[in-house]
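Trainee: Please take me through one part of this model in detail: the buried interior and the pocket beside the residues that form it. I would like a single connected account.

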Amino acid sequence: MTRKDFKEIADSVRREVATDDERKALADALCTYFKSVNTRFDRDRFIAACGL
């Protein structure tokens, strides 16, 4: 996956998930997966892009 893919997913999470609790849970789950497929994945940047 590329940075562009991660950005698009984060934008979707921010737009489509209504509550902060649900957004946080989804973002955390996605971070776990993304880190497993890309060791350079930046969790903090992704969480911020999700609006958290």
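Mentor: A residue is called buried here when its relative accessible area is under 20%, and exposed when that area is over 50%. The model is a predicted one.

Asp 11 is a place to begin. This residue belongs to helix α1. Asp 11 counts as buried because its relative accessible area is 12%, under the 20% limit. Its side chain makes a polar contact of 2.8 Å with the side chain of Arg 14.

A second charged residue to look at is Arg 23, in helix α2. With a relative accessible area of 9%, Arg 23 is also buried. Beyond residues up to four places away in sequence, Arg 23 touches Val 13, Arg 14, Val 17, Ala 18, Cys 50, Gly 51 and Leu 52. Arg 14 is thus named twice: as the polar partner of Asp 11 and among the residues touched by Arg 23. Val 13, with neighbours within four places in sequence set aside, is in contact with Arg 23, Leu 26, Leu 30 and Cys 50.

Val 13 leads on to the nonpolar interior. The largest nonpolar core consists of twelve residues: Phe 6, Ala 10, Val 13, Val 17, Ala 27, Leu 30, Cys 31, Phe 34, Phe 41, Phe 46, Ile 47 and Cys 50. Two or more of them come from each of α1, α2 (20-37) and α3, and α2 gives the most, four residues. In soluble globular proteins, nonpolar side chains tend to be buried together.

Phe 41 is a core member that lies in the loop between α2 and α3. Its relative accessibility is 8%, so Phe 41 counts as buried. Outside the range of four places in sequence, Phe 41 touches Phe 6, Cys 31, Phe 34, Lys 35 and Phe 46. Cys 31 is ten residues away from Phe 41 along the chain, and their C-alpha atoms are separated by 8.2 Å.

Phe 41 also takes part in lining the largest pocket, which holds about 350 Å³ of space. The full lining is Thr 2, Arg 3, Phe 6, Lys 7, Ala 10, Asn 38, Arg 40, Phe 41, Asp 42, Arg 45, Phe 46 and Ala 49. Helices α1 (3-16) and α3 (43-49) each supply at least two of these residues, and the largest share, four residues, comes from α1. By class, the lining has five nonpolar, two polar and five charged residues. Phe 6, Ala 10 and Phe 46 are also among the lining residues and belong to the largest nonpolar core.

Conventions. Residues numbered from 1 in each chain as written. Predicted model: local features only at pLDDT ≥ 70, side-chain atom pairs only at ≥ 80, totals over all residues. Heavy atoms only, no water. 1 Å grid on protein atoms, 1.4 Å probe; cavity = no way out; pocket = protein on both sides within 12 Å on 5 of 7 lines; lining within 4 Å. Points joined across faces, edges and corners; volume = space filled by probe spheres on them. Nonpolar A, V, L, I, M, F, W, Y, C, P; charged D, E, K, R; others polar. Buried < 20%, exposed > 50% of the residue type's maximum accessible area, 1.4 Å probe, protein only. Polar contact = N/O pair within 3.5 Å; in protein donor to acceptor, adjacent residues only side chain to side chain. Core = buried A, V, L, I, M, F, W, Y, C linked by side-chain atoms within 4.5 Å. Contact = heavy atoms within 4.5 Å.
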